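The exercises below are meant to be worked with the sequence and the coordinates side by side. Try each task before reading the solution that follows.

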Amino acid sequence: MMEEVSIENKEKLADGWEFEVLVGEGPDTTTHLVILEQEYWELFSEVYDTPEELLQASFEFLLQREPKESILPEFSLSEITTHFPEYQDEVLA
């Protein structure tokens, strides 16, 4: 069963956004600070209506490959391709 993913906070940065993403429920919830650069968002903006939808899809992608405890506590969304080269193709499919 897929973990629940909720986007709790969104802060506008000069060149994008910072999100606080919670994964799971109760005491086992993990918290992740994720940066989404405006330039990187533009690669996905024709497929996703909002950055939050992209975040949701990205965390679903990650959770299919690793437990929530293995997801970095802070990262830039563009870094996912470093660990999972298929990320962009799958999330844009």
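Two strands are taken to pair if DSSP finds at least two bridges between them. The model used throughout is a predicted one.

**Exercise 1. Describe the open sheet: which order do its strands have, and which are the edge strands?**

Step 1. The open sheet has 4 strands in the order E1-E2-E3-E4, and its pairing is mixed. Strands E1 and E4 are the edge strands, each of them pairing on one side only. On average, neighbouring strands of this sheet are turned by 20° against each other, with direction ignored.

Step 2. On this sheet packs helix H2, which touches E1, E2, E3 and E4, and whose direction makes about 45° with that of E2.

**Exercise 2. Work out how strand E1 is joined to strand E2, and by how many bridges.**

Step 1. Strand E1 covers residues 5–13 and strand E2 covers residues 16–23; they run antiparallel and are joined by 8 bridges. The two strands form a hairpin, with 2 residues between them.

Step 2. Individual positions can then be matched across the pair: Ile 7 has Val 21 in E2 as its bridge partner, and Glu 11 stands opposite Glu 18, again in E2.

**Exercise 3. Decide whether Phe 75 and Thr 30 are buried or exposed, and list what each touches.**

Step 1. Phe 75 lies in strand E4, which spans residues 74–76. Because its relative accessibility is 8% and the cut-off for buried is under 20%, Phe 75 counts as buried.

Step 2. Residues up to four places away in sequence aside, Phe 75 touches Leu 33, Val 34, Ile 35, Phe 59, Leu 62 and Ile 80. Of Phe 75 and Ile 35, which are 40 residues apart along the chain, the C-alpha atoms are separated by 6.4 Å.

Step 3. Thr 30 has its place in strand E3, and with a relative accessible area of 14% Thr 30 is therefore buried as well. Under the same exclusion of sequence neighbours, Thr 30 touches Val 21, Leu 22, Val 23, Lys 68 and Glu 69.

**Exercise 4. Identify which residues have the most contacts inside the largest nonpolar core, and which elements supply it.**

Step 1. The largest nonpolar core has 25 residues, and those with the most contacts inside it are Leu 36, Leu 54, Phe 59, Leu 77 and Tyr 87. At least two residues of this core are supplied by each of E2, E3, H1, H2 and H4, and the largest share, 7 residues, comes from H2.

Step 2. For Leu 77, leaving aside neighbours within four places in sequence, the contacts include Leu 36, Leu 54 and Tyr 87.

Notes: Residues are numbered from 1 along each chain as its sequence is written. This is a predicted model: local features need pLDDT of at least 70, side-chain atom pairs count only at pLDDT 80 or more; totals for chains, interfaces and linings use all residues. Side-chain values use heavy atoms; hydrogens and water are left out. Buried means under 20% relative accessible area, exposed over 50%, partly exposed in between (1.4 Å probe, protein chains only). Contact means heavy atoms within 4.5 Å. A nonpolar core is a set of buried Ala, Val, Leu, Ile, Met, Phe, Trp, Tyr and Cys residues joined through side-chain atoms within 4.5 Å. Axes are lines fitted to C-alpha atoms, for helices over the stretch in contact, and angles run from 0 to 180 degrees between N-to-C directions.
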